[in-house]
Amino acid sequence: MTRIVAANRVIDADGDEMKPGVVELEGKYVSSVYPLFGERPFTEWLGGTINIKRSADGRLQAYKDGEVIIDNQ
């Protein structure tokens, strides 16, 4: 199952910023990142800033307050 989270600001791995932004997660990895336009069903609002970084294996992970955000499977 996919977990969809949104925040006031999402900064992707290239340093590009979306205000506000949405991050879709599959397990502990990011499957999609895009700007938020209007209300979106099943989206969990986290607020603040989500940072997207590359893991050691090169896959994208999302961080909020220094902790990895994971899918709540």
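**Exercises on strands, salt bridges and burial**

With a relative accessibility of 61%, Lys 19 counts as exposed (exposed means over 50% relative accessible area, buried under 20%, and partly exposed in between, with a 1.4 Å probe and protein chains only). The structure is a predicted model, in which local features need pLDDT of at least 70 and side-chain atom pairs count only at pLDDT 80 or more, while totals for chains, interfaces and linings use all residues. Residues are numbered from 1 along each chain as its sequence is written, and side-chain values use heavy atoms, with hydrogens and water left out.

**Exercise 1. Surroundings of Lys 19**

Task: Determine with which residue Lys 19 forms a salt bridge, and describe the peptide bond from Lys 19 to Pro 20.

Solution.
- Step 1. Lys 19 forms a salt bridge with Glu 17, and their closest N and O atoms are 3.3 Å apart (a salt bridge is a side-chain nitrogen of Lys or Arg within 4 Å of a carboxyl oxygen of Asp or Glu).
- Step 2. Glu 17 has a relative accessible area of 40% and is therefore partly exposed.
- Step 3. A network of salt bridges links Arg 9, Glu 17 and Lys 19.
- Step 4. The peptide bond that leads from Lys 19 to Pro 20 is cis, with omega near -20°. Pro 20 belongs to the loop between β3 (17–18) and β4 (strands are DSSP runs of E with at least two residues, numbered from the N terminus).

**Exercise 2. The open sheet**

Task: State in which order the four strands of the open sheet are arranged, and identify its edge strands.

Solution.
- Step 1. The order is β5-β4-β1-β6, and the pairing is mixed (two strands pair if DSSP finds at least two bridges between them).
- Step 2. Each edge strand pairs on one side only; these strands are β5 (29–35) and β6 (43–45).
- Step 3. Within the sheet, β1 (residues 3–7) pairs with β4 (residues 21–26) in the antiparallel sense over five bridges. Arg 3 has Leu 25 as its bridge partner in β4.

**Exercise 3. A salt bridge between two strands**

Task: Which parts does the salt bridge of Arg 3 and Glu 44 tie together?

Solution.
- Step 1. By the rule given in Exercise 1, the count comes to five salt bridges. In one of them the side chains of Arg 3 and Glu 44 meet at 2.9 Å, N to O.
- Step 2. Arg 3 lies in strand β1 and Glu 44 in strand β6, so this pair ties together parts that are 41 residues apart in sequence.
- Step 3. Arg 3 counts as buried because its relative accessibility is 14%, whereas Glu 44, at 32%, is partly exposed.
- Step 4. As a general principle, side chains of opposite charge can pair when their charged atoms come close.

**Exercise 4. Two buried residues, Glu 24 and Tyr 29**

Task: Which polar contacts do the side chains of Glu 24 and Tyr 29 make?

Solution.
- Step 1. Glu 24 is placed in strand β4 and counts as buried, at 16% relative accessibility.
- Step 2. Its side chain makes a polar contact of 3.3 Å with the side chain of Arg 40 (a polar contact is a pair of N or O atoms within 3.5 Å; within protein, one must be able to donate a hydrogen and the other to accept it, and residues adjacent in sequence count only if both atoms are side-chain atoms).
- Step 3. Tyr 29 lies in strand β5 and is also buried, at 15% relative accessibility. A polar contact of 3.3 Å joins its side chain to that of Asp 57.
- Step 4. Leaving aside neighbours within four places in sequence, Tyr 29 is in contact with residues including Glu 24, Ser 55 and Leu 60 (contact means heavy atoms within 4.5 Å).

**Exercise 5. Strand β7 and its partners**

Task: Which residues stand opposite Asn 51 in the strands that pair with β7?

Solution.
- Step 1. Strand β2 (residues 9–11) and strand β7 (residues 49–54) run parallel and are joined by three bridges. Here Ile 11 stands opposite Asn 51.
- Step 2. Strand β8 (residues 60–64) pairs with β7 in the antiparallel sense over four bridges. In β8, Tyr 63 is the bridge partner of Asn 51.
- Step 3. β7 and β8 form a hairpin with five residues between them, and Gly 58 in the turn has a positive phi of about 90°.

**Exercise 6. Positive phi outside glycine**

Task: Are Phe 42 and Asp 65 buried or exposed, and where do they lie?

Solution.
- Step 1. Phe 42, with phi near 65°, lies in the loop between β5 and β6 and counts as exposed at 78% relative accessibility.
- Step 2. Asp 65 has a positive phi of about 55° although it is not a glycine. Asp 65 is found in the loop between β8 and β9 (67–68) and counts as exposed at 67%.
- Step 3. Asp 65 forms a salt bridge with Lys 64, the closest N and O atoms being 3.6 Å apart; Lys 64 counts as buried at 18% relative accessibility.
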